[in-house]
Amino acid sequence: MENKKYKLALIGATGLVGRTAIKVLEEKKLPIAEYAFLASSRSAGSLINFMGKDYTVCELKEDSFDEGFDFAIFSAGGETSKKFSPIAASKGCIVVDNSSAFRMDKNVPLVVPEVNPEEIENNQGIIANPNCSTIQAVVPLKPLDDKYKIKRIIYSTYQAVSGAGKSGVDDLENGINGLPNKKFPHPIFNNCLPHIDAFLDNGYTKEEEKMINETRKILNKPDLRITATAVRVPVVNSHSESINIEFENDFDLKELIDTLKNAPGIIVQDDAKNNIYPIATNANGHDYVYVGRIRRDYSVKYGVNLWVVADNIRKGAASNAVQIIEKIIKGSC
């Protein structure tokens, strides 16, 4: 398969995640010979410069995949994914979907390459990209679960406005300039909003439920005890998370830190004496998950606290999707 010429379509190419995926694809230089950039009729006709060449964005239609693509990255929202992903898959294209449309479908693998790459092989044409806040959480959770067996997780997230798309970023910028909010229910400037996505009847938000259910699926622990509080904060990009973990087994803290240092995709920044810990601005533009403030939780028998930061548009969406395709290509060569 070394000389195979792959074809890739990027759907939602003009959006925040789509444009970041273009940047990641330029950096990765995968063995892909042909690219197509697709979007809604509103964006069709616009130009994208990719690897020194101008491409015209085409309107996504039901026959868009007739020419035979090997891969498609969907970053155009759940309704678009529900309609067009099965069409693409039926034409022999492997879809990596960034929306929530298929994440909890038992027939669709939910993949983070550093965590459960073996699930890629179980795809039936569609692979789901997890929620951004879930992705960065499970990267450090997986090696710790393997070693100490996780009993319970408490998530508290501090999520950037870019997670709500361009309109979220606009709300923050407008608030700074004294203009009213349009995207969020309250001004995000100078506020922390404990409200991401819609509220459910049980008092949780959809974002919190996503983290709970997706973590269970990715770690293959359907009964794992998890609770979450997701908060939008006035930060442009990169999500921060406080993760409290209770284990079944005891641990040596130094050994636990070494386990994280040796795990794929993680950079440990944990030197409190010198004020070294992960911060959002340092994570911007990178694909690593940064972990710090690693300390024992003395309120339970075997507990630990982590502070976890990652670029939610790159590792939390675009890069994770491209990494999945990279895994497939390398596995087939």
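Here is a friendly exchange about the sheets, helix packing and one arginine in this predicted model.

Colleague: Let's begin with the sheet whose pairing is parallel: in what order do its six strands run?
Modeller: That sheet is an open one, and its edge strands, which each pair on one side only, are strand 5 (58-59) and strand 8 (126-128). Reading across the sheet, the order is 5-2-1-6-7-8.

Colleague: Which residue stands opposite Leu38 in strand 5?
Modeller: Strand 2 (residues 32-39) runs parallel to strand 5, and two bridges join them. The partner of Leu38 across this pairing is Cys58.

Colleague: Helix 1 and helix 2 both interest me; what angle does the direction of helix 2 make with that of strand 6?
Modeller: Helix 1 (residues 16-28) packs on the sheet against strand 1 (6-11) and strand 2, at about 155 degrees to strand 1. Helix 2 (residues 78-90) packs on the sheet too, touching strand 1, strand 6 (71-74), strand 7 (94-97) and strand 8. With strand 6, the direction of helix 2 makes about 175 degrees.

Colleague: Now the sheet with mixed pairing: which are its edge strands?
Modeller: This open sheet has six strands in the order 10-9-11-14-13-12, and its twist averages 25 degrees from one strand to the next. Pairing on one side only marks the edges, strand 10 (225-232) and strand 12 (266-268).

Colleague: Which residue stands opposite Thr157 in strand 10?
Modeller: Strand 9 (residues 150-159) pairs with strand 10 in the parallel sense, over eight bridges. In strand 10, the residue opposite Thr157 is Ala230.

Colleague: Two helices meet this sheet, so to speak; at what angle does helix 6 run to strand 13?
Modeller: Helix 5 (residues 206-218) packs on the sheet, touching strand 9, strand 10 and strand 11 (239-247), with its direction at about 140 degrees to strand 10. Helix 6 lies across strand 11, strand 12, strand 13 (289-297) and strand 14 (303-310). Its angle to strand 13 is about 165 degrees.

Colleague: How does helix 3 lie relative to helix 6, and why?
Modeller: The axes of helix 3 (residues 132-148) and helix 6 (residues 253-261) come within 9 Å and cross at roughly 130 degrees. Angles over 145 count as roughly antiparallel and 65 to 115 as roughly perpendicular. The crossing angle falls in neither range, so helix 3 is oblique to helix 6.

Colleague: How many nonpolar residues are in the contact of helix 3 with helix 6?
Modeller: Helix 3 brings Pro140, Pro143, Leu144, Lys147 and Tyr148, which meet Glu255, Leu256, Thr259 and Leu260 in helix 6. By class there are one polar and two charged residues, and the nonpolar ones number six.

Colleague: And how many charged residues are in the contact of helix 3 with helix 5?
Modeller: These axes come within 10 Å and cross at roughly 40 degrees, in a right-handed crossing. Ser133, Thr134, Ala137, Val138 and Leu141 in helix 3 meet residues of helix 5 including Glu207, Lys210 and Glu214. Beside five nonpolar and three polar residues, the charged ones number three.

Colleague: Last one: is Arg293 buried, partly exposed or exposed?
Modeller: Arg293 lies in strand 13 and, leaving aside neighbours within four places in sequence, is in contact with Gln269, Asp270, Tyr277, Asn305, Leu306 and Trp307. Tyr277 is 16 residues away in sequence, with 6.4 Å between the C-alpha atoms. Since buried means under 20% and exposed over 50%, the 38% relative accessibility of Arg293 makes this residue partly exposed.

Definitions and conventions
Residues are numbered from 1 along each chain as its sequence is written. This is a predicted model: local features need pLDDT of at least 70, side-chain atom pairs count only at pLDDT 80 or more; totals for chains, interfaces and linings use all residues. Side-chain values use heavy atoms; hydrogens and water are left out. Axes are lines fitted to C-alpha atoms, for helices over the stretch in contact, and angles run from 0 to 180 degrees between N-to-C directions. Helices (H or I, at least four residues) and strands (E, at least two) are DSSP runs, numbered from the N terminus. Angles under 35 degrees count as roughly parallel, over 145 as roughly antiparallel, 65 to 115 as roughly perpendicular and the rest as oblique. Contact means heavy atoms within 4.5 Å. Ala, Val, Leu, Ile, Met, Phe, Trp, Tyr, Cys and Pro count as nonpolar, Asp, Glu, Lys and Arg as charged, and the others, Gly among them, as polar. Two strands pair if DSSP finds at least two bridges between them. A crossing is left-handed if the near helix is turned anticlockwise from the far one by less than a right angle, and right-handed if clockwise. Buried means under 20% relative accessible area, exposed over 50%, partly exposed in between (1.4 Å probe, protein chains only).
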